[in-house]
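User: Please take a close look at a single part of this model and set it in its surroundings. I would prefer one connected account to a list of separate findings.

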Amino acid sequence: MDQQAVQQAAQLINQAHHVVALTGAGHSTPSGVPDFRSTGSGLWSRVDPMVVASIEVFQQYPRAFFDWSRPLTRLIMDAQPNAAHVALARLEHMGKLKAVITQNIDELHQRAGSRRVLELHGHMRESTCRQCGQVVATETFLDEWLATGNVPYCECGGILKPNVILFGEMLPRDVLAAAQVEAMACDLMLVIGSSLTVMPAATFPEIALERNVPVIILNRDPTHYDQRATVVMHDDLEITLPAIVAAFEELGNKER
Ligand SMILES: [Zn+2]
């Protein structure tokens with residue numbers, strides 16, 4: 001691990017007053033949650049998530065969506081926040097981090113203690129009836145669905161769709177607006193575990209960079225924004241982020 005980069009990132013956090021983090025699938029892969037958007041190996045190799053996790057397929061063949069998402073949901077429920085989630089929550093509790101903008105639907109940030117989480121792709125906590133619009137807590141049908149695989153129905157007979165944003169659906173407008181406000185307000189942006197290829201994720205570092213706000217990128221693979229970032233680290237983020245937060249805390253202790 002590049003200790004100089006760790007120190008530089010810690011200095012940037014120390015100087016900043018309004019840090020905003022943007023997190024993607026890579027933040028949760030060390031917790032065992034796969035990047036379901038990319039066709040990879042194992043469970044997800046047989047189907048294209050762009051098709052089965054699209055609103056068109058959900059409308060026509062809801063069963064296909066529920067069958068596909070069942071093992072993924074089990075993995076999410078069993079997953080535990082990793083050291084990077086914990087470090088990010090700590091940064092918020094110390095008053096530095098003002099918001100986490102996330103592409104993840106697994107709620108691991110909240111479970112690690114993060115309070116202000118802007119979920120661009122929605123969440124599993126609630127589900128909405130496609131027919132009458134009633135919103136119910138997903139836990140009302142979760143166990144039965146996981147046990148039986150039966151498609152969940154509302155009292156009115158409509159199908160209940162978890163409030164996750166499927167391909168072909170609009171992102172939640174209020175969340176998107178709040179995330180844009182944060183990107184406009186931040187004086188340091190952390191990009192963690194996002195390849196910055198899915199829109200609108202890439203627009204947030206773009207907003208920051210256009211305002212000459214420094215950007216720190218922690219991601220396994222290179223991104224299109226690496227050249228313009230102040231610090232870039234490709235090591236495992238569950239090691240780099242806790243190291244950066246610890247180095248920042250040490251700086252604070254020295255100054256006190
Ligand atoms: Zn209904």
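Analyst: Domain bounds, as used here, come from an automatic or database domain assignment. The model is a predicted one, and the part chosen for the close look is the second largest pocket, taken together with the two domains around it.

The assignment divides the chain into domain 1, made of 1-33 + 81-121 + 171-256, and domain 2, made of 38-78 + 123-164. Taken over C-alpha atoms, the centres of domain 1 and domain 2 are 29 Å apart. Their contact draws on 9 residues from domain 1 and 8 residues from domain 2. The size of an interface is often given as the accessible area lost when the parts come together. For domain 1 and domain 2, the area buried between them is about 740 Å², and carbon and sulfur atoms account for 54% of it.

Where does the second largest pocket lie with respect to domain 1 and domain 2? It lies between them, because both domains give residues to its lining. Its volume is about 250 Å³. The lining consists of 13 residues, and those closest to the centre of the pocket are M77, E107, M124, R125 and L142. By class, the lining of this pocket holds 6 nonpolar, 2 polar and 5 charged residues.

Which elements supply at least two residues each to that lining? They are α4 (62-78), β4 (122-129) and α7 (139-148). The largest share, 3 residues, comes from α4.

For reference, the largest pocket of the model has a volume of about 580 Å³. Its lining has 30 residues, with G24, A25, G26, D35 and G193 lying nearest the centre. That lining comprises 9 nonpolar, 13 polar and 8 charged residues.

The surroundings of helix α9 complete the picture. The buried residues of α9 are F204, P205, I207, A208 and L209. An α-helix has 3.6 residues a turn, so residues three or four places apart point the same way. The buried residues of α9 pack against β1 (19-23), β2 (97-102), α8 (173-185), β7 and β8. From the side of α8, the helix in which L176 lies, there is a contact with one of these residues: L176 touches F204, as well as L120, L171 and P200, when its neighbours within four places in sequence are left aside. The C-alpha atoms of L176 and L118 are separated by 8.0 Å, although these residues are 58 residues apart along the chain.

The loops on either side of α9 each hold a backbone feature worth checking. Most residues other than glycine have a negative phi. L196, in the loop between β7 (188-192) and α9 (203-210), is not a glycine, yet has a positive phi of about 60 degrees. N212 takes a positive phi of about 60 degrees just after α9, in the loop between α9 and β8 (215-218).

Are L196 and N212 buried or exposed? With buried meaning under 20% relative accessible area and exposed meaning over 50%, L196 is buried, because its relative accessible area is 4%. N212 counts as exposed, because its relative accessibility is 70%.

Notes:
Residues are numbered from 1 along each chain as its sequence is written. This is a predicted model: local features need pLDDT of at least 70, side-chain atom pairs count only at pLDDT 80 or more; totals for chains, interfaces and linings use all residues. Side-chain values use heavy atoms; hydrogens and water are left out. On a 1 Å grid over the protein atoms alone, a cavity is a set of points where a 1.4 Å probe fits but cannot get out, and a pocket is an open set with protein on both sides within 12 Å along at least five of seven lines; lining residues have an atom within 4 Å of a point. Grid points are joined across faces, edges and corners, and a volume is the space filled by probe spheres set on the points. Ala, Val, Leu, Ile, Met, Phe, Trp, Tyr, Cys and Pro count as nonpolar, Asp, Glu, Lys and Arg as charged, and the others, Gly among them, as polar. Helices (H or I, at least four residues) and strands (E, at least two) are DSSP runs, numbered from the N terminus. Buried means under 20% relative accessible area, exposed over 50%, partly exposed in between (1.4 Å probe, protein chains only). Contact means heavy atoms within 4.5 Å. Buried area is the accessible area (1.4 Å probe) that two parts lose on being put together, summed over both.
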